[in-house]
Amino acid sequence: MGKVTGFLEIDRADRRYAQASDRIRHYREFVLPLSEEATRNQAARCMNCGIPYCHTGCPVNNQIPDWNDLTYRGEWEEAARNLLSTNNFPEVTGRICPAPCEASCTLNIQDTPVTIKTIECAIIDRAFAEGWVKPEPSSHKTGKKVAIVGSGPAGLACAQQLARAGHEVHLYEKHAKAGGLLRYGIPDFKLEKRHVDRRIEQMTVEGVVFHYNANVGRNVSAQSLVDAYDAIAVAGGAEASRDLPVPGRDLGGVHFAMDFLPQQNRRVSNEPIGTNEPILASGKHVVVIGGGDTGSDCIGTSIRQGALSVTQLEIMPMPPKAEDKLLTWPNWPLKLRTSSSHEEGAERDFAVTTTTFEGENVVTGLRCMRVDDRMKPVAGSDFTLRADLVLLAMGFVSPLKEGLLAELGVALDNRGNVAADTVRYASSRPKVYACGDMRRGQSLVVWAIREGRQCAAAIDEALMGSTVLPR
């Protein structure tokens, strides 16, 4: 490493947020980047580890020590080339990834990991600003045609890799624009859609053909794709939301998070919201059920819409504020995490289950109970919460079965995902492959990128007999 003693001489410093009182007035990103000098100093903290566990902490196996060293030396363009060699969309992961690489950093033993995510974001943002990120169309054509169904991070990564290998790639998206959850699920204040747009422009130049409003299994026959293409990759995500079937579930004002969040994203991008039932938190007491990232996104969006109050309920007990490093490192630890949205004015309550939604035609409140460490209700712990809007953000159970998967007739695993391994990514039906959350189940964007890349390599090898695409 260029600065062998950097971790001893330089304290950890990370990006900050704009003031909450300012950022809740808009839907733009609000993370304040470090200066170039500060970024290079943070990169200098990367140790010359004998075994850099950040490699295994990162699902796409970014060569983190290498581009940290290049950043420290001011070799930004080479750092960008190295970063892009393993990650198709670092401008996305540099913004929304929870950074398991930092949890695996050797310096995290002392709670001062290298600011890997910040450095990654600085590298790719500079690369775009300097014009170093350019389309990479293949110099040859294989004559093979591949269809990708779903334009989320897995589908986009798979499509880009296959196009660069020389295949004719057609990407089918059921919505009006590409991006999947990147566009319609993650709020603009975490990921502005210009980052997605410029990747779509790049991929179009690279030869990927996008088909919009093409819902395969609905208005486009899945069998027609099987007949017309040499291979099909299904990358439609895990869209079946986990429900809460308790009395009052059918009351007005009780909605899935993924009915709520896409509406606001469409408003920001001036798209039709696609329904006659606008879901808005303005002037309402909002309860978000579910303590993960989707719940956090509901909080930030509700506050920006003008909610009177926001309460988040989680059935699990409150995690510890700090993990036991000797037990958890270098693995991802279970601990209390406070998001930027939590800081903007939400109340959190743990070990709570909802037993009834109250109201006549529209929800007015929730009947809740405390639960013990086995998630069993505690007798006599009943309480009521006022609620005008309830958002269910309890995760996703599987891909949707209707339409695409039903028509293809592919085998499913015991969790309802498409059955395929992580070597061949092949489903039970010839020519059909699966990757991302549709194969893996609900997961992180960075895992979707990994699976898209590996699925592309598997398809390329199956079609051509060998592949030069990295896994």
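## Aromatic pairs

Two rings of Phe, Tyr or Trp are said to pair if their centres lie within 6.5 Å. In this predicted model, the count under that rule comes to five aromatic pairs. The rings of Phe30 and Phe189 have centres 6.3 Å apart and planes at 25°, and planes under 30 degrees apart count as stacked, so this pair is stacked. Phe30 belongs to the loop between helix H2 (20-23) and strand E2 (31-32), whereas Phe189 belongs to the loop between helix H11 (181-184) and helix H12 (194-205); the pair therefore ties together parts that are 159 residues apart in sequence. Phe30 and Phe189 are both buried. Ring pairs also bring Tyr17 into a cluster with Phe30 and Phe189.

The rings of Tyr172 and Tyr229 are arranged edge-to-face, because their planes stand at 85°, with the centres 6.2 Å apart. Tyr172 is part of strand E4 (residues 168-172), and Tyr229 lies in the loop between helix H13 (222-228) and strand E6 (231-234), so this pair ties together parts that are 57 residues apart in sequence. Tyr172 is buried, as is Tyr229.

## Charges over rings

Phe189 also has a charged group over its ring: the charged end of Arg304 sits there, 3.9 Å from the ring centre. A second such arrangement involves Phe128, where Arg198 lies over the face of the ring at 3.6 Å from its centre.

## Paired strands

Strand E3 (residues 145-149) is largely enclosed by the rest of the structure, because four of its five residues are buried. E3 pairs with E4 in the parallel sense, over five bridges. Within this pairing, Ala147 stands opposite His170 in E4, and Val146 stands opposite Val169 in E4. Between the two strands, the chain passes from E3 through helix H10 (residues 153-164) to E4, forming a right-handed β-α-β crossover.

E3 also pairs with E6, in the parallel sense and over four bridges. Here Ile148 stands opposite Ala233 in E6. E4, for its part, is mostly covered, with four of its five residues buried. E4 pairs in the parallel sense with strand E5 (residues 209-211), over three bridges. His170 has Val209 as its bridge partner in E5, while Ala147 stands opposite His170 in the pairing with E3.

## Nonpolar cores

Which residues touch the most other members of the largest nonpolar core? They are Ile148 and Ile459, in a core of 66 residues. Helix H20 (residues 445-464) gives the most to this core, namely nine residues. When neighbours within four places in sequence are left aside, Ile459 is in contact with Val146, Cys158, Leu162, Ala231, Ala233 and Tyr433. Two of these names have already appeared among the paired strands: Val146, opposite Val169, and Ala233, opposite Ile148.

A second core, separate from this one, has 21 residues, including Leu225, Val226, Ile232 and Val418.

## Helix H3 and its cover

In helix H3 (residues 36-44), the residues Thr39, Gln42, Ala43 and Ala44 are buried. An α-helix has 3.6 residues a turn, so residues three or four places apart point the same way. The cover over the buried residues of H3 includes helix H1 (6-9), helix H5, helix H6 (76-84) and helix H9 (116-130).

## The surroundings of Gln63

Is Gln63 buried, partly exposed or exposed? Its relative accessible area is 29%; buried means under 20% and exposed over 50%, so Gln63 is partly exposed. Gln63 is found in the loop between helix H4 (54-57) and helix H5 (64-72).

Apart from residues up to four places away in sequence, Gln63 touches His55, Asn82, Ser85 and Thr86. Asn87 is 24 residues from Gln63 along the chain, and the C-alpha atoms of Gln63 and Asn87 are separated by 10.0 Å.

Methods:
Residues numbered from 1 in each chain as written. Predicted model: local features only at pLDDT ≥ 70, side-chain atom pairs only at ≥ 80, totals over all residues. Heavy atoms only, no water. Phe/Tyr/Trp six-rings, centres within 6.5 Å; stacked < 30°, edge-to-face > 60°. Buried < 20%, exposed > 50% of the residue type's maximum accessible area, 1.4 Å probe, protein only. Lys NZ or Arg CZ within 6 Å of the ring centre and 35° of its normal. Pairing = 2+ DSSP bridges. Right-handed = clockwise from strand over helix to strand, strands pointing away. Core = buried A, V, L, I, M, F, W, Y, C linked by side-chain atoms within 4.5 Å. Contact = heavy atoms within 4.5 Å.
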